[in-house]
Amino acid sequence: MKAGGEAPHQVLGRLRFLLQCSECFRRARALPAALCYVPREVQYKICKDPSAAAARSLLSVWDSPGPARGGRAAMIEVRKGGCLRASGEEYCNSAGLWVKLSKEQLEEYASTRHLAEGWVLAQRFGEGGDKLVPVDSVERIQCQHQTLGVDYRPAVSWEQVVDLTYSIRLGEMPRLVEQDEAAVQKFRSVPPGWTYEHDMELGRFLYDHSEKKLQSADCVKEHINSIEVSSHAEDCAAAHLTDNLTHTFWESNGPPGQHWVRLNMKKGAIVKRLWLMLDGQSNSHIPRRVAVYGGTLSRLQHLRTVLINENSYQNICILRDMKTHVPVLEIRFLECRAQGYNVRLQGIKIVSFWEWDLVLNAGMFQPARLVRYPLLERVEADVLYRRAVLIQRFVQLLESVLCYLIPLSEDSIGTFNALRSMKPFLLLSKQSEALIAHCLQSSESSAPDCLPKLYINRLLAREHRANPALDPSCRNAVFTQLYEGLSSSKNNQPLDYRWPLTYSQWWECDFVTEGIIDGGGGFRDSLTDVSEELCPSSSDVAVPLPFFVRTSNQANSSSDTRDRYVPNPSCKDFPKYEWIGQLMGAALRSKEFLILSLPALVWKQLAGEEVSWSRDFATVDSELVKLLEVLERVDKEGFEFMFGRELTYTTVLSDQRVVELIPNGSNTAVRYEDRREFIRLVQKARLEESKEQIAAIRAGLLRVVPQPVLDLLTWQQIERRICGDPEITVAELRKFIKFEDFPSDDTRIKYFFEALNNFTSEDLSHFLKFATGRSRLPVQINVYPERSNSEAWDVMPQSSTCSCSFFLPNYSTAKICEEMLRYAVYNCMSIDTDKDE
């Protein structure tokens with residue numbers, strides 16, 4: 001189903017259908033029958049595997065889909081050139097794709113007449129072999145043409161059924177193939193206790209287990225059985241192709257045109273990317289023309305020939321996006337540069353997956369995988385699988401009209417608002433990222449000719465942070481110094497923050513009394529300071545600025561959102577709130593971060609998503625949410641005992657102000673009969689307490705980021721793009737560390753990682769800030785040996801935040817390395833090493 005090729009009546013029909021589905025998801029009702037459509041009968045033909053000796057004609061019939069679930073019941077034979085009649089119901093598990101035979105269809109075979117239903121494996125995962133492919137039999141087509149005419153095309157897919165059911169058209173409508181009522185009912189049945197939140201969590205599970213999230217850390221080790229080569233020179237064996245070392249390589253040793261590398265893949269592995277890592281030291285050893293073959297060893301078929309650019313000296317992708325498993329991949333080197341004889345490679349690299357991980361199947365829903373998804377843990381795998389199929393169908397249809405829902409022009413008004421409750425499903429869309437990139441790129445402005453230069457006194461800023469009460473105007477805060485500096489007459493050209501992704505520095509900082517040349521590190525330090533002033537990471541310090549206040553949960557030890565802030569309902573400095581929104585938009589468009597610890601309640605409103613009291617306000621004040629739940633359920637006697645006449649029509653906002661919910665509310669007691677109205681008023685007041693401030697932030701955000709981008713991003717994606725990844729692990733950090741000029745067996749690297757393994761997430765965040773000026777991933781860190789005093793041992797490490805470089809000294813033990821490194825990241829945050837005094 002390709003977007004953009006639909007007729008107008010199709011688009012309108014699908015929009016109507018999506019709106020109906022959206023309402024069903026929100027209210028946990030049975031989804032429309034068209035989305036659940038399953039044809040009553042489908043004809044299957046055996047498609048012969050080219051590598052097999054002969055096509056199978058005997059098929060095993062099981063009483064349930066999968067040998068592990070039921071014993072094999074019978075064998076049936078499909079005559080040569082014939083078709084297998086089956087129902088349209090399919091089921092996919094870790095064994096493969098199964099098709100169901102109804103009681104009526106089983107009656108055709110003597111060996112299966114005793115069965116109520118039967119299942120045949122149409123396609124087996126990981127082993128290749130023959131497949132059952134749906135077709136229309138010649139007899140059926142001839143009969144339809146004789147009866148209904150040669151132009152007759154019945155609707156046999158759920159997409160066609162949606163279009164026919166929801167589109168208005170002139171003329172005679174094609175007929176629908178009769179549906180399998182029992183299979184449709186299985187799909188439409190809403191699981192007991194199922195809610196909208198279950199569907200959203202299932203969508204998140206599908207995203208977390210999608211191709212782009214499942215990539216293995218070591219695909220070579222996990223998916224390749226062995227590697228063979230045509231020949232090798234002394235000390236240049238095949239093992240060097242996968243040792244991940246930059247100073248070793250494989251080199252062939254034989255006549256030109258007869259060199260190859262053979263990858264013997266494990267069963268079920270599918271290669272999505274295959275790279276050659278060239279060794280650029282000798283031009284005549286670099287391959288010029290390469291052919292890739294795949295299949296069984298006795299029947300290799302040509303897949304692709306690649307002509308390598310003469311200017312390429314690094315990694316070259318020679319194969320991409322394989323759809324099926326091939327047991328053997330053979331890379332043949334047809335020609336070398338400069339008429340060279342032998343090939344030299346630094347290594348090979350692949351991105352690969354297990355076949356069953358790329359296809360939705362019931363085997364995905366293993367208990368070990370569901371631990372992170374508490375709403376799904378107790379639900380049967382079959383139920384989750386069927387529901388996931390419907391979500392996939394919904395997303396597929398949504399993708400076909402997404403370009404109509406999200407206008408690419410900022411001047412037009414989008415219609416996605418009607419489907420905003422379905423935004424979490426956009427994570428599964430393959431088009432949304434491309435649309436986001438297009439919207440951001442098309443709305444870029446050219447980079448300014450010169451950077452605004454701002455003079456920042458961080459000493460005064462530290463004094464202000466130590467005691468904000470002494471300076472209510474906050475004029476010495478880094479935030480205010482930046483804001484006033486950018487607003488001054490010297491910088492009269494307002495910044496629009498819509499610069500290209502490669503534009504990484506928005507202003508230049510000259511820190512008074514500090515010896516720094518700002519090559520980017522000082523700028524990033526200023527952003528980190530602004531983040532810390534707006535939402536301090538420590539709960540033990542005063543908030544230096546008036547724009548955000550701590551949530552009630554920060555004083556609640558039972559809450560899991562204790563570090564959050566909300567916009568201050570009392571603060572009416574809306575121009576500065578708009579500027580905060582602009583900075584957030586600039587971070588979203590760039591690789592920089594503005595770390596603001598805001599609850600889901602705020603992020604959802606910035607993203608234009610619906611908010612709910614019980615789910616979202618609990619991230620602000622979970623105790624109040626629980627109290628109102630008790631108040632709603634309590635009986636009259638309990639109400640009088642708990643509150644008497646002390647409960648009045650007032651509530652306390654996040655800024656600790658007491659506000660009246662009705663005129664003279666502080667003097668009006670809440671009666672038991674009116675408690676639900678009181679609850680409604682409290683919820684409204686608290687949900688809207690920061691409404692004006694959030695609107696101002698969103699207005700600033702929309703000045704930098706086009707509306708369609710916010711329509712396409714979920715609130716979690718917006719938070720991650722603006723703030724970075726909040727959780728740091730050593731495993732994740734290792735992906736962004738690059739060692740330069742170290743021997744492969746250097747003990748400094750070993751001690752360095754042993755030290756980091758003992759770091760907490762907070763320690764790792766401080767290390768990031770020490771090395772890069774940032775507190776969150778992703779950011780590349782280049783680690784070099786200590787250069788200023790290379791002979792010294794057990795000294796303090798140094799860094800250069802401008803170049804994101806870390807200089808690692810020699811250490812006697814891993815313990816000393818850990819102690820020195822931890823002390824440095826907490827106590828040596830000066831970046832004086834960036835400039836000599």
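Two strands are taken to pair if DSSP finds at least two bridges between them. With that in hand, a good place to start in this predicted model is the contact between β13 and β16, where Gly 294 stands opposite Leu 329 of β16. Strand β13, residues 287-296, is joined to β16 by 8 bridges, and the two run antiparallel. Both strands belong to an open sheet of 5 strands, ordered β9-β11-β16-β13-β14 and paired in antiparallel fashion. The edges of this sheet are formed by β9 (224-229) and β14 (299-307), each of which pairs on one side only. From one strand to the next, the twist averages 20°.

Stepping back to the whole chain, the model contains 26 helices and 27 strands. Of its 837 residues, 52% count as buried. The accessible surface comes to about 40200 Å², and carbon and sulfur atoms account for 50% of that area. Contacts that reach far along the sequence are well represented: among those between residues at least 6 apart, 70% join residues at least 24 apart.

The interior can be described through its nonpolar cores. In soluble globular proteins, nonpolar side chains tend to be buried together. Here the largest nonpolar core has 143 residues, and those with the most contacts inside it are Phe 365, Tyr 497, Trp 507, Leu 534 and Met 584. Helix α9, spanning residues 381-405, supplies the largest share of this core, with 13 residues. A second core, separate from the one just described, has 35 residues, including Ala 238, Leu 319, Met 322 and Val 326. Returning to the largest core, Met 584 offers a helpful view of the packing around one residue. Leaving aside residues up to four places away in sequence, Met 584 touches Leu 594, Leu 596, Trp 603, Leu 606, Ile 697, Leu 701 and Ile 722.

Another strand pair worth a visit is β18 with β19. Strand β18 (residues 453-456) and β19 run parallel and are joined by 4 bridges. Within this pair, Tyr 455 stands opposite Asp 510 of β19. In a regular strand the side chains alternate between the two faces of the sheet. Strand β19, residues 508-511, has a covered face made of Cys 509 and Phe 511, while its uncovered face carries Glu 508 and Asp 510.

The cysteines can be treated briefly. The structure holds 0 disulfides. Cys 474 is in no disulfide, and the nearest cysteine sulfur, that of Cys 571, lies 9.1 Å away. That separation can be set against the cut-off of 2.5 Å between sulfur atoms by which a disulfide is defined. Cys 236 counts as buried because its relative accessible area is 9%, and the limit for buried residues is under 20%.

Backbone geometry brings Cys 474 into view again, this time together with Gln 339. Most residues other than glycine have a negative phi. Cys 474, though not a glycine, has a positive phi of about 60°. This cysteine sits in the loop between α11 (458-466) and α12 (478-487), and it counts as buried because its relative accessibility is 7%. Gln 339, also not a glycine, has a positive phi of about 55°. The loop that holds Gln 339 connects β16 (328-336) and β17 (344-354), so the description comes back to a strand of the open sheet. Gln 339 counts as exposed because its relative accessibility is 74%, the limit for exposed residues being over 50%.

Methods: Residues numbered from 1 in each chain as written. Predicted model: local features only at pLDDT ≥ 70, side-chain atom pairs only at ≥ 80, totals over all residues. Heavy atoms only, no water. Buried < 20%, exposed > 50% of the residue type's maximum accessible area, 1.4 Å probe, protein only. Contact = heavy atoms within 4.5 Å. Areas by Shrake-Rupley, 256 points an atom, 1.4 Å probe, with all protein chains shown as cover. Axes fitted to C-alpha atoms, helices over the stretch in contact; angles between N-to-C directions. Core = buried A, V, L, I, M, F, W, Y, C linked by side-chain atoms within 4.5 Å.
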